Structures are given as C-alpha cells and as structure tokens.
Amino acid sequence: MATDASPQLRSVPPPSDFHPEISLSQSPTHDGLHFWQFMIAGSIAGTLEHMAMFPLDTLKTRMQALGASCSVQPVSVRQALGSILKLEGPPGLYRGIAAMGLGAGPAHAVYFSVYELSKQVLSRGDPNNSMVHAASGVVATVTSDAVFTPMDMVKQRLQLKNSPYKGVAECVRMVVMEEGIGAFYASYRTTVIMNAPFTAVHFATYEAAKRELMEVSPDTANDERLVIHATAGAGAGALAAALTTPLDVVKTQLQCQGVCGCDKFSSSSIGNVIETIVKKDGYRGLMRGWIPRTLFHAPAAAICWSIYEASKSFFQQLNSR
C-alpha cells in the first residue's frame, strides 16, 4: 500500500496557474540583480552623495536666492562662504540637511531602479545605445522628482539666511497652513524641465565615458573600476550641471518665494520668473551659483556612481553564491 502511494504523489501535476518564472524573488533583471537591489544601491548612493556635498548646495542656494533681505548677494563663492561662516558659523552650512536626508534616500531608490528598468525595457538587446540611456534617465527623473520635490523645497527654505523655520516639521506645518499643499510642488514643473535635460546629458555622458574608459583598460581590477566610475561620473555631472544652471536658478526662486524677502511670483510660470531675474540682475542672473553647482555635481556624481556600482557589484557577488 505504501509503495503505491509514493508514485501517485509524484505524478500529481502542478496547478495550471503556477508560473515560477514570474516570481520576483527568482527572476533577477539585467546585470543579475533584483529590482529591490537596484533600489537599495540607489538609496545608499544618493543619500551619501547629497549628505557629503551639502555645504556646497547651501552656497548655491544662497547665491541663487534673490530679494532685499534674503542674502548678502555674494558675488563669489568665497564671499558667500565667508558670510555664512562669519554670521552663522559652520552649522549654517548644514541647515536643512535633515530634509535632504529624508528626501534623498527614497527619491534615489526610485531614480536608479526606474532607470535600470527603463534601460532594460528600451534597450532591446543594445546596452550601448546612448539614446536609450538618455530616455531612461528622463523617465527616472520625472518619477523620482515627484518624490523629492517636497523635501527639496523644505531644504531650500531652511538653507536661507534668517530662515523663519526652526526645523523640517515646523516648515512643513507652516507651509501647509499658510500656503497649502500645492506649495510643495510649485517648482515641480520647472524641476522636471530642468532635470530632464540634466539627466539625459548626465546618463548618456556617463555611460559613454564609462564604456570608452573600460575599452582602454578592459582588464582593470575592482578598485581601478571604481576610479573609472568616479571619473566618468564627475565629467558627466559637471557638464550637465553647467548646462542646466538657468533652470536651477528658476527652481530656487519658486521654492523660496515669499520667504526672507525673496520675490513672490503671481504664477509658477518659468517665463515670468526668468523675466523677473533678467530685469533685476540681467542675463548673468540666470547663471547665479553655477560655480558651486558645478563643484557640487562633479564630485557628487563621482561619489554617487562609485557607491552605486560598488553596491551593484556586492549584490552580484551575493546573488552568484
């Protein structure tokens, strides 16, 4: 009796709706990584990148914000830095870093995971297509900016000199009470319009530079590969940052409007903000803060891509065991 039961159990067919190939836990995407592993790698890389370079981001915000009492209107990075250190001390360079920490992790988890997924879907067997890299970057930034924009607005308002807010919670509460939820997304359209070309240039340049550097030294060790990722990332970040500075100035204006004497705009129209800046400071006002922005994004991109690629390598080794 017992000997007959065993064959019968083995012969039972699996359920007709059982498809093991669609299990997320057993189906890595390209590069041999799962979707959640891209998210973790991106979150770590983005958080460390922005936290490490935060003082330069504060300098950029101070230089870009216009208004009678909003800042001392520095003419150089050195003057901006000297003003902050003299009047507020080193802690002044880190006001708003908590908001950055809260926003950067989730936003970059979305950013890199959507980028990798889009690249996989759009590449169609051609992983070296620069147009695919650019398009995937645009899709990633539109999605991640929806996550990051509210905390970016809070961060920039806290970075201003004489900011009326004591911290993240108070800023969020006062903005909701006085301006409404929509204020958190006043600059979203501008942010997307800025970050779409920024990310397209950034990702396409990074992937192309990385590929060329890998071809020059195809047999590099892991530590040398990190240098390649850092070099390609720094070049891509600097180029993209410099080209999109005017839109970043507009974004800062919209996010800081009405605070510390900064100009208040009747609408979130990009043209309206540009016209106001040009009337007040000429066309050079559209490039305000380009030096700290470039100095921020070059090493920030190097840090971000190095950590991201190192995290991917770690997960690839983990998955191969």
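This note comments on a surface patch, the cysteines and the largest pocket of a predicted model.

1. The nonpolar surface patch. Four side chains, those of Phe35, Leu117, Val121 and Leu122, make a nonpolar patch of about 340 Å² on the surface. Helix H5, which covers residues 97-123, gives the most to this patch, with three residues.

2. Leu122 within the patch. Leu122 lies in helix H5 and is one of the residues that make the nonpolar patch. Its relative accessibility is 39%, so Leu122 counts as partly exposed; that class lies between the buried limit of under 20% and the exposed limit of over 50%.

3. Disulfides. A disulfide is a covalent bond that joins the sulfur atoms of two cysteines. A search of the whole structure finds zero disulfides. Cys171 is in no disulfide, as the nearest cysteine sulfur, that of Cys256, is 9.7 Å away, whereas a disulfide requires the two sulfur atoms to be within 2.5 Å.

4. Burial of two cysteines. Cys171 has a relative accessible area of 0% and is therefore buried. Cys304 also counts as buried, because its relative accessibility is 4%. The limit that applies to both residues is under 20%.

5. The largest pocket. The space in the largest pocket amounts to about 540 Å³. Its lining consists of 21 residues, and those nearest the centre of the pocket are Asp31, Lys210, His229, Glu309 and Lys312.

6. Helices around the pocket. At least two residues of the lining come from each of H5, helix H8 (188-216), helix H9 (222-243) and helix H12 (290-320). H12 gives the most to the lining, with five residues. Helix H5 thus appears in two places in this note: in the nonpolar patch and in the lining of the largest pocket.

How values were computed
Residues numbered from 1 in each chain as written. Predicted model: local features only at pLDDT ≥ 70, side-chain atom pairs only at ≥ 80, totals over all residues. Heavy atoms only, no water. Patch = residues over 30% accessible without salt bridge, like charges linked within 9 Å, V, L, I, M, F, W, Y side chains within 5 Å. Areas by Shrake-Rupley, 256 points an atom, 1.4 Å probe, with all protein chains shown as cover. Helix = DSSP H or I, 4+ residues; strand = E, 2+ residues; numbered from the N terminus. Buried < 20%, exposed > 50% of the residue type's maximum accessible area, 1.4 Å probe, protein only. 1 Å grid on protein atoms, 1.4 Å probe; cavity = no way out; pocket = protein on both sides within 12 Å on 5 of 7 lines; lining within 4 Å. Points joined across faces, edges and corners; volume = space filled by probe spheres on them.
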